[in-house]
Amino acid sequence: MGEVIVSMKNIVKTFPGVKALDNVNFELRSGEVMALLGENGAGKSTLMKILSGVYTKDGGTMTIFGKEYDNLTPKQAQAAGVAIIHQELNMCRHLSVAENMFLGREKVKGIVLKNSEMEAEAAGILGDLKIDIDPRQMVGDLPVSKQQMVEIAKALSIHAKVLIMDEPTSSLTAKEIDELFRIIRKLKADGCGIVYISHRLEELQAIVDRVTIMRDGQYITDGIFKEMTMDQIIANMVGREIKEQFPRVSCEKGKKIFEVKNLNAGKLVRNINFSLYEGEIVGFAGLMGAGRTETTRAIFGVDPKTGGQIFLDGNEVKINCPMDAIKAGIVLAPEDRKKDGLCTKLSIRHNLALPNLDLLCNKLGVISSSKEDKLCEDAVKNLMIKTPTVEVNAANLSGGNQQKVVVGKWLARNSRVVIFDEPTRGIDVGAKVEIYNLMNKLKQEGIAVMFVSSEMPEVLGIADRVIIMCDGRITGEVMARETTQNEILRYATEFEKKQVS
Amino acid sequence: MNEKKQSTVKRLLNTRGMGAVITAFAGLIIIYVAFGLIDRNVFSGQNFMNLLRSMSKYLLIGVGQSYLLITGNIDLSIGSMVGMSAMISATMMAMGVNPVLAMAVAMACCLLCGVVNGFLVGEFKLPPFIATLGTMFVTRGVAYMVNNNRNTDAIATGIGKEAGDSFQNFFYYGKTLGVYNTFWIALLLFLAFFFLLSKTRTGRHIYAIGSNVDAAKLSGVNVVSTTIKAYLVSAICACVVGFILCAQAGMGNMEAGNMYEMYGVAAGVIGGISPLGGTGLLLGTFAGAAVWQTLENGLNMIGAQVGIQRLVIGIIVVFSVLLDVVVRSGNFGKKAGK
């Protein structure tokens with residue numbers, strides 16, 4: 001480990017009404033990967049935004065490579081060697097890879113852009129990282145994982161020596177994560193200091209040297225990763241002991257509620273057959289792109305089906321659009337909360353009421369405010385949504401609370417089947433447990449729960465039965481208590497043999 | 001050598017938005033030929049020259065509006081700015097002021113409006129629709145006030161017949177190399193702004209803020225100054241169109257340029273410029289302006305009334321965007337099914 005390259009002391013940052021950072025200390029050395037841990041709202045992103053010049057601090061000192069900076073603009077931070085890869089990837093989709101990499105510091109001759117020179121340099125940097133991307137390709141056409149590689153390449157093209165990665169693995173597959181880690185190790189060997197923010201604690205041991213833990217805007221502790229136990233880390237993050245990371249509730253397996261027969265919808269949903277029973281949670285595991293999300297969308301009537309039948313309590317239901325599914329009592333909490341799950345510019349109240357307007361309106365279509373109040377009150381109470389009032393915009397909630405609102409939309413309807421698609425993505429440990437408890441509660445109430453997740457430990461920890469998909473087909477079905485990660489992974493990689501003829 | 005040439009052509013064809021441009025040019029040829037088959041006079045040299053001249057103002061206004069559409073904004077004030085430019089320059093010339101000075105004053109006023117638009121949208125984050133709606137009314141108001149709510153007298157009454165004629169010839173009636181000056185002026189500005197958009201840093205930044213303004217800002221792009229530059233381009237275009245209308249009429253008309261902002265949107269959109277920002281090529285705007293003018297010209301030649309002209313143009317605008325949407329959603333389908 002090298003010398004200290006970034007040192008932040010007693011950093012204070014206040015937003016209207018909130019003290020986001022309260023005397024936070026942070027230190028980064030060259031050639032190390034520093035994990036910055038804490039629950040959502042702990043202030044990790046805020047701290048890193050100060051370091052990268054997006055926010056200005058209200059107090060404290062910040063030293064980068066021995067030089068003290070009062071306040072930085074994003075451009076000055078770049079010049080100082082700091083680059084940040086944002087959680088929500090920040091790229092211009094309509095521009096090419098090279099254009100994105102050189103955005104804001106284009107090479108020019110006179111006033112004319114030197115496109116071929118920039119493309120050649122971009123190709124060189126991508127080549128150094130052994131990333132196979134054509135610099136002339138449009139960024140919007142690349143998969144998310146490649147876009148992330150481009151962001152890293154962009155950071156390197158400005159000769160960044162301090163690289164901040166905010167949740168870089170949240171939408172990558174296992175193979176892509178390995179690729180990312182390979183690059184991180186290379187950067188580390190080259191003497192870069194890397195700040196790594198992640199909620200996936202399992203992946204830390206692969207790359208992390210030291211950790212800094214924050215909670216509620218305060219610095220809690222730091223230390224060498226190998227000398228700390230996972231329980232210590234979690235306890236420091238949450239501020240309380242989490243007894244069980246995966247609380248499981250045992251239920252009697254009841255009658256069959258829901259059955260899908262020979263469902264087909266495009267290449268990623270092929271001949272899907274499965275059933276859900278009362279009192280069990282069925283996990284859907286698989287690699288990214290295995291067709292799990294597509295299956296949920298086809299069931300829910302978002303995407304058109306090309307064949308298959310769906311049965312609820314033994315009777316066939318025809319689902320051609322989401323409204324058909326909702327009326328039948330089949331509901332979906334989609335993968336992308338902000339895009340598909342919530343109207344982020346509307347209040348919690350309006351979000352909760354939206355799919356239930358048929359219950360809240362009288363015959364003339366006038367919404368009854370008292371019924372709406374009741375619905376919101378129940379949802380907030382039952383789901384423990386943490387918010388001052390239901391008039392708050394959904395966008396202003398933390399990830400965990402947003403997820404609760406997504407679920408809350410459906411609970412007023414006496415649903416029979418609830419489909420969760422990656423419900424815990426990007427939310428913190430404490431909130432995850434609350435979501436698990438919620439699923440357990442549904443299970444106890446006799447509702448069939450379908451639980452799609454890419455995180456193996458939670459599938460094994462929460463689901464009773466696990467169905468594994470690969471390449472649009474169901475390749476395996478196992479009982480969660482009797483299986484191992486390896487067995488699931490084997491099913492998840494069971495691609496059809498391409499016929500060579 | 002041959003290989004290199006091929007790759008340049010291929011690269012040109014692969015440029016984003018080129019598909020829409022080619023479609024628009026294909027549509028243009030079909031429309032032109034179709035009208036020509038109905039009425040052979042459409043193919044006459046004189047008509048072609050008239051066509052080039054009358055498409056020039058739509059081309060200019062389209063270029064201005066396209067700059068804003070690509071940044072994901074809009075400029076509703078350019079039509080009124082055309083009127084303001086025509087009225088200010090005509091009023092001054094009718095009073096006997098040197099035409100160059102009169103034009104300079106008109107240009108200064110338009111540039112000022114451009115800066116104000118850019119500031120309101122870029123710095124104060126006003127929705128561009130609202131900000132430029134305001135300046136639209138203000139500039140039209142100024143156009144009315146310049147000459148006390150009257151159209152101006154003939155400019156020749158102030159600067160004399162000779163100077164008046166030379167102003168009118170320069171912008172409208174005169175020809176150079178057999179083509180009306182109006183078209184040369186429009187072409188020159190088009191080429192300059194084409195270069196600015198496709199070959200310079202400013203142009204790149206205009207695409208970037210239209211594509212993802214946050215990413216652009218975090219990459220160190222100055223969003224405010226880029227926005228102002230885009231609004232300045234539209235102001236310059238509007239101002240020159242004002243001169244053209246002034247030269248055509250030989251006087252200032254308070255209603256000059258009415259609705260032109262929307263003609264600009266139509267020209268851009270027919271040419272494949274996305275009103276959502278980030279994509280589109282000025283070549284498309286060229287095709288869009290030409291489609292528009294060929295339609296108007298052709299419908300005129302075959303004796304169609306204004307009503308039917310508007311109706312057809314309206315359908316064309318919707319149809320061209322619909323085509324774009326359908327083509328794109330087709331692509332999405334393919335991706336999802338992969």
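A salt bridge is taken here as a side-chain nitrogen of Lys or Arg within 4 Å of a carboxyl oxygen of Asp or Glu. In this predicted model, Glu106(A) and Arg201(B) make such a pair, with their closest N and O atoms 3.9 Å apart. The contact runs from one chain to the other: Glu106(A) sits in the loop between helix H3 (97-101) and strand E7 (108-109) of chain A, while Arg201(B) belongs to helix H10 (residues 201-211) of chain B. The two ends differ in how well they are covered. Glu106(A) has a relative accessible area of 3%, so it counts as buried, whereas Arg201(B), at 31%, is partly exposed.

That pair is part of a longer list, since a search over all chains turns up 34 salt bridges in the whole structure. Within chain A, Asp373(A) and Arg349(A) come to 2.8 Å at their closest N and O atoms. Asp373(A) is in helix H14 (residues 369-383) and Arg349(A) in helix H12 (residues 348-353), so this salt bridge ties together parts of chain A that are 24 residues apart in sequence. Here, too, the cover is uneven: Asp373(A) is partly exposed at 36% relative accessibility, but Arg349(A) is buried at 12%. Chain A also holds a network in which salt bridges with shared partners link Glu27(A), Arg29(A), Glu32(A), Arg210(A) and Asp222(A). Another pair in chain A is Glu117(A) with Lys114(A), whose closest N and O atoms lie 3.4 Å apart. Both ends of this one are partly exposed, with Glu117(A) at 37% relative accessibility and Lys114(A) at 27%.

Turning to chain A as a whole, its secondary structure adds up to 18 helices and 22 strands. The C-alpha trace spans about 70 × 65 × 50 Å along its principal axes. The radius of gyration is 24 Å, which agrees with the value near 23 Å that a compact globule of 501 residues would have. Of those 501 residues, 54% count as buried. Among the contacts in chain A with a separation of 6 or more, 66% are between residues 24 or more positions apart. The accessible surface of the chain comes to about 21,900 Å², and carbon and sulfur atoms hold 49% of it.

Strand E15 (residues 281-286) of chain A gives a closer look at the covered part of the chain, as six of its six residues are buried. Ile281(A), Gly283(A) and Ala285(A) point one way from the strand, Val282(A), Phe284(A) and Gly286(A) point the other way, and both sets are buried. E15(A) has parallel partners in two strands. It pairs with strand E20 (residues 448-452) over four bridges, and there Phe284(A) has Val452(A) as its bridge partner. With strand E21 (residues 465-470), E15(A) shares five bridges, again in the parallel sense; in this case Gly283(A) is matched with Val466(A).

Chain B offers a contrasting bit of surface. Ile308(B), Leu311(B), Ile315(B), Phe319(B) and Leu323(B) together make a nonpolar surface patch of about 470 Å². One of these residues, Ile315(B), is found in helix H15 (residues 306-336) of chain B. The cut-off for calling a residue exposed is a relative accessible area over 50%, and Ile315(B), at 52%, therefore counts as exposed.

Terms used:
Residues are numbered from 1 along each chain as its sequence is written. Chains are lettered from A and ligands numbered from 1 in the order in which they are written. This is a predicted model: local features need pLDDT of at least 70, side-chain atom pairs count only at pLDDT 80 or more; totals for chains, interfaces and linings use all residues. Side-chain values use heavy atoms; hydrogens and water are left out. Patches are made of residues with over 30% relative accessible area and no salt bridge: like charges are joined within 9 Å, nonpolar side chains (Val, Leu, Ile, Met, Phe, Trp, Tyr) within 5 Å. Accessible areas come from the Shrake-Rupley method with a 1.4 Å probe; for residues, only the protein chains shown count as cover. Buried means under 20% relative accessible area, exposed over 50%, partly exposed in between (1.4 Å probe, protein chains only). The radius of gyration is taken over C-alpha atoms; the globule rule is 2.2 Å times the number of residues to the power 0.38. Contact means heavy atoms within 4.5 Å. Two strands pair if DSSP finds at least two bridges between them.
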